[in-house]
Amino acid sequence: PLLPIAAAAQTLQKNVAVPPELSELLPMIRRNVLLEARLIEDLLDLTAISEGKLSLRRAPVDMRKIIDAVVEMVQETVDEKQIDLAVHWNARRGIVDGDAARLQQVLWNLVRNAVKFTPAGGHIRIAVDDDADDARLRLRCIDDGIGIEPGALGTIFSAFEQAGDDVARQFGGLGLGLAIAQALVQGHGGELSASSEGPGRGATFTLRLDTIEAPDVAADRPPAPAPHSGASRPLRMLLVEDNEDAACALSMSLEFMGYEVTHAANLRAAMAAGQGGAFDVIVTDLGLPDGSGLALGPALSARVPLIALSGFGSAEDVARSMAAGFAAHLVKPTDPDDVHATVGKILMRAMAAPASMGAGQA
């Protein structure tokens with residue numbers, strides 16, 4: 001249910017003029033929908049952790065890029081609160097063996113908390129250097145915010161714990177972010193600790209991770225192309241979604257971006273459309289009333305790239321999509337901009353290897 005709400009709010013925000021006194025309502029709707037999605041994901045993560053089912057997709061990760069991405073994510077709030085956020089990189093090695101998405105989640109939790117608990121006009125510093133033995137990277141997120149009570153430091157990484165009842169009432173939240181961050185860091189073989197000199201004197205969260213030698217890195221790919229094919233026509237997308245509201249909202253957003261969208265409401269209709277039409281890309285829900293969207297992979301992936309849309313995004317879920325022939329796996333609620341960016345990346349890969357392109361991209 002969060003997907004159509006988020007997509008509809010974004011579409012209206014970008015394309016509809018509203019009276020000035022109502023201009024903040026659409027961004028407010030979208031922010032809170034995404035917050036609700038974050039809370040649900042935190043609860044699911046906590047369940048996976050408690051049952052020992054947390055999995056990591058490990059690969060060489062450049063922590064500079066993780067920091068850049070997180071800073072960009074919080075920049076709007078930082079600007080609103082006029083917080084001075086600075087990054088100081090003094091480490092000689094910055095590559096770790098880890099799950100990039102999970103490490104970004106860890107750092108985002110730390111920086112988001114710092115922004116949340118630092119008053120307007122405050123300061124936050126992300127300091128990165130070599131740990132004592134030089135084989136580890138040490139990242140410190142330092143703020144001059146409300147600080148932490150000495151008695152709360154022992155439970156700060158426990159689920160549903162916050163630094164005092166007053167903090168919970170004033171700032172809200174479930175107290176899950178740091179518990180999940182701690183579990184993710186431990187899963188990477190790292191350490192996460194917190195320190196504070198007390199209320200009103202800020203806090204420092206310190207992350208330590210083992211580093212590895214930097215691998216050969218391919219040149220950065222060009223940005224995602226506009227939604228047009230080489231023949232200067234709109235990209236043709238088959239959107240497979242049984243939720244009518246979700247399909248309507250996402251289709252409308254993508255059509256505003258310039259796509260030509262055909263909708264199929266079930267697996268049978270998607271199979272017929274995919275085999276009978278010339279599409280540039282297929283975006284499909286996996287939970288369909290007459291079967292799994294994964295079935296489209298073996299049938300159609302040789303002809304046209306497929307992108308999965310799912311409410312589930314564990315490593316196992318992504319692996320199943322990849323094994324079925326899908327080119328990407330996005331987790332709901334999905335931002336239409338993310339769908340567009342993913343389509344662009346997939347088509348850029350196809351352009352780099354024209355022999356692998358199916359009839360749908362001809």
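Strand 8, residues 236-240, has 4 of its 5 residues buried, so this strand is largely enclosed by the rest of the structure. Keep in mind as you look around that this is a predicted model. Across the protein chain, buried residues make up 45% of the 362 residues. The chain has 11 helices and 14 strands, and the points below walk you through two of its sheets and the helices beside them.

**The sheet that holds strand 8**

- Strand 8 belongs to an open sheet of 5 strands, whose order is 9-8-10-13-14 and whose pairing is parallel.
- Which strands form the edges of this sheet? They are strand 9 (260-264) and strand 14 (328-331), and each of them pairs on one side only.
- On average, and ignoring direction, neighbouring strands here are turned by 20 degrees against each other.
- Strands of a sheet pair through backbone hydrogen bonds, and they can do this in a parallel or an antiparallel way.
- Strand 8 and strand 9 run parallel and are joined by 5 bridges; to find the pairing on screen, look for V240, which stands opposite A264 in strand 9.
- Further along the order, strand 10 (residues 281-285) pairs with strand 13 (residues 306-310) in the parallel sense, over 4 bridges.
- A handy landmark for that pairing is I282, which stands opposite L306 in strand 13.
- Helix 10 (residues 315-323) lies across strand 13 and strand 14, and the helix runs at about 145 degrees to strand 14.

**The mixed sheet**

- Another open sheet is formed by 5 strands in the order 2-4-5-7-6, and its pairing is mixed.
- Its edge strands are strand 2 (84-89) and strand 6 (191-195), each pairing on one side only.
- Neighbouring strands of this sheet are turned by 10 degrees against each other on average, with direction ignored.
- In which sense do strand 6 and strand 7 pair, parallel or antiparallel? Strand 6 and strand 7 (residues 203-210) pair in the antiparallel sense, over 5 bridges.
- To see one of these positions for yourself, start at L192: its bridge partner in strand 7 is L207.

**Helices lying across the mixed sheet**

- Helix 3 (residues 63-81) lies across strand 2, strand 4 (123-130), strand 5 (136-143) and strand 7.
- Compared with strand 2, helix 3 runs at about 175 degrees.
- Helix 4 lies across strand 4, strand 5, strand 6 and strand 7, and runs at about 25 degrees to strand 5.

**Where helix 2 meets helix 4**

- Helix 4 (residues 100-117) also packs with helix 2 (residues 25-50), at an angle of about 120 degrees and with the two axes 14 Å apart.
- Helix 2 and helix 4 are therefore oblique to each other.
- What is the handedness of the crossing? Helix 2 passes helix 4 in a left-handed crossing.
- On the helix 2 side, the contact is made by R38, D42 and D45; on the helix 4 side, R102, Q105, W108 and R112 take part.
- Sorted by type, the residues of this contact divide into 1 nonpolar, 1 polar and 5 charged.

**Contacts along the whole chain**

- Consider the contacts between residues at least 6 apart in sequence: 70% of them join residues at least 24 apart.

How values were computed:
Residues are numbered from 1 along each chain as its sequence is written. This is a predicted model: local features need pLDDT of at least 70, side-chain atom pairs count only at pLDDT 80 or more; totals for chains, interfaces and linings use all residues. Side-chain values use heavy atoms; hydrogens and water are left out. Two strands pair if DSSP finds at least two bridges between them. Axes are lines fitted to C-alpha atoms, for helices over the stretch in contact, and angles run from 0 to 180 degrees between N-to-C directions. Contact means heavy atoms within 4.5 Å. Angles under 35 degrees count as roughly parallel, over 145 as roughly antiparallel, 65 to 115 as roughly perpendicular and the rest as oblique. A crossing is left-handed if the near helix is turned anticlockwise from the far one by less than a right angle, and right-handed if clockwise. Ala, Val, Leu, Ile, Met, Phe, Trp, Tyr, Cys and Pro count as nonpolar, Asp, Glu, Lys and Arg as charged, and the others, Gly among them, as polar. Buried means under 20% relative accessible area, exposed over 50%, partly exposed in between (1.4 Å probe, protein chains only).
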